[in-house]
Amino acid sequence: MNKVNIQKIISDHIESEREEKDITNWYASGLGSCLTGRYLERMGVEPDEDFDERTLRVFSVGRMFEDWLISKIGAGHKVETQVRVESKEHHISGKVDLILNNVVFEVKSKHSKAFWWMTKQGDAQIQHKMQLWVYLWLLKKEKGRIVYISKDDLAIQEYWVMRDDKELEEMVMNELNILNEAWEQKLPPRPVDDPKHWHNKYCRFHKQCIAQEQYLN
């Protein structure tokens, strides 16, 4: 009997593709998430728990769908992909998925339940809008589109983001100001202490975030 373990082959391959690199600034893709966790991550602190095999597979599948969609958007057109952008003044960087006809595209994948829930809400997720706004700002482009793809049925939803959106500008700049001031002072931002807040659920440094001595009552 063939004893080849296909799951192990896939898991080992995904693990071998992981990149460990020093974080030297803030990533645009992290905007809107837990500020304390991002500070600790940049400091090089180990997360509470590493990603498990299933989560790594979910990430890998997501990248496959995103790459597929980007290739279809750009088929037959002159496009730019994986464009790196950076602001040394504000210590933030990122990679733009695709630029087509002067429009900046950010592609995201979701499983169908999350996709249709978002569709029912009628708007893109705020952290994704903040990320795309940064790209528009740094590239001096006027408009962009967040394109979501459902991994179960290839359904698509699109949402516009404009560089002249003052609300997004205020949110991004406020967050960058907090992070950069915290980095300069070597004092992590105050953690979110509401147990129902989504930052608590999705921050990889949550146990360490809420244990910051400066903010313990």
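In the predicted model, helix α2 is followed by glycine 44, a residue whose phi is positive, near 90°. The helix that precedes this glycine, α2, spans residues 35–42 and is mostly covered, with seven of its eight residues classed as buried. These buried positions are Leu35, Thr36, Gly37, Arg38, Tyr39, Leu40 and Arg42, and they pack against three elements, namely β1 (26–27), α6 (166–185) and α8 (206–209).

At the level of the whole protein, the secondary structure comprises eight helices and six strands, which, when read along the sequence, are arranged in the pattern α-β-α-α-β-β-β-α-α-β-β-α-α-α. The radius of gyration is 19 Å, close to the 17 Å that the globule rule gives for 217 residues, and the protein is therefore as compact as a globular protein of that length. The C-alpha trace spans about 55 × 55 × 35 Å along its principal axes. Of the 217 residues, 40% count as buried, while the protein exposes about 13800 Å², of which carbon and sulfur atoms supply 50%. Among contacts with a sequence separation of 6 or more, 68% are accounted for by residues 24 or more positions apart.

A further helix contact involves α1 (residues 6–16) and α3 (residues 53–74), whose axes come within 10 Å and cross at roughly 70°. Because angles of 65 to 115 degrees count as roughly perpendicular, this crossing makes α1 roughly perpendicular to α3. On the α1 side the contact is formed by Gln7, Ser11, Ile14 and Glu15, which meet Glu53, Leu56, Arg57 and Ser60 in α3. The residues of this contact divide into two nonpolar, three polar and three charged.

Beyond α3, valine 79 lies in the loop that runs between this helix and strand β2 (80–87). With a relative accessibility of 29%, valine 79 counts as partly exposed, since the buried class is confined to values under 20% and the exposed class to values over 50%. When residues up to four places away in sequence are not counted, valine 79 touches Gly74, Leu98, Ile99 and Leu100. Glutamate 53, which takes part in the contact of α3 with α1, is 26 residues away from valine 79 along the chain, and the C-alpha atoms of these two residues are separated by 34 Å.

Note on methods. Residues numbered from 1 in each chain as written. Predicted model: local features only at pLDDT ≥ 70, side-chain atom pairs only at ≥ 80, totals over all residues. Heavy atoms only, no water. Axes fitted to C-alpha atoms, helices over the stretch in contact; angles between N-to-C directions. Helix = DSSP H or I, 4+ residues; strand = E, 2+ residues; numbered from the N terminus. Parallel < 35°, antiparallel > 145°, perpendicular 65-115°, else oblique. Contact = heavy atoms within 4.5 Å. Nonpolar A, V, L, I, M, F, W, Y, C, P; charged D, E, K, R; others polar. Rg over C-alpha atoms; globule rule 2.2 N^0.38 Å. Buried < 20%, exposed > 50% of the residue type's maximum accessible area, 1.4 Å probe, protein only. Areas by Shrake-Rupley, 256 points an atom, 1.4 Å probe, with all protein chains shown as cover.
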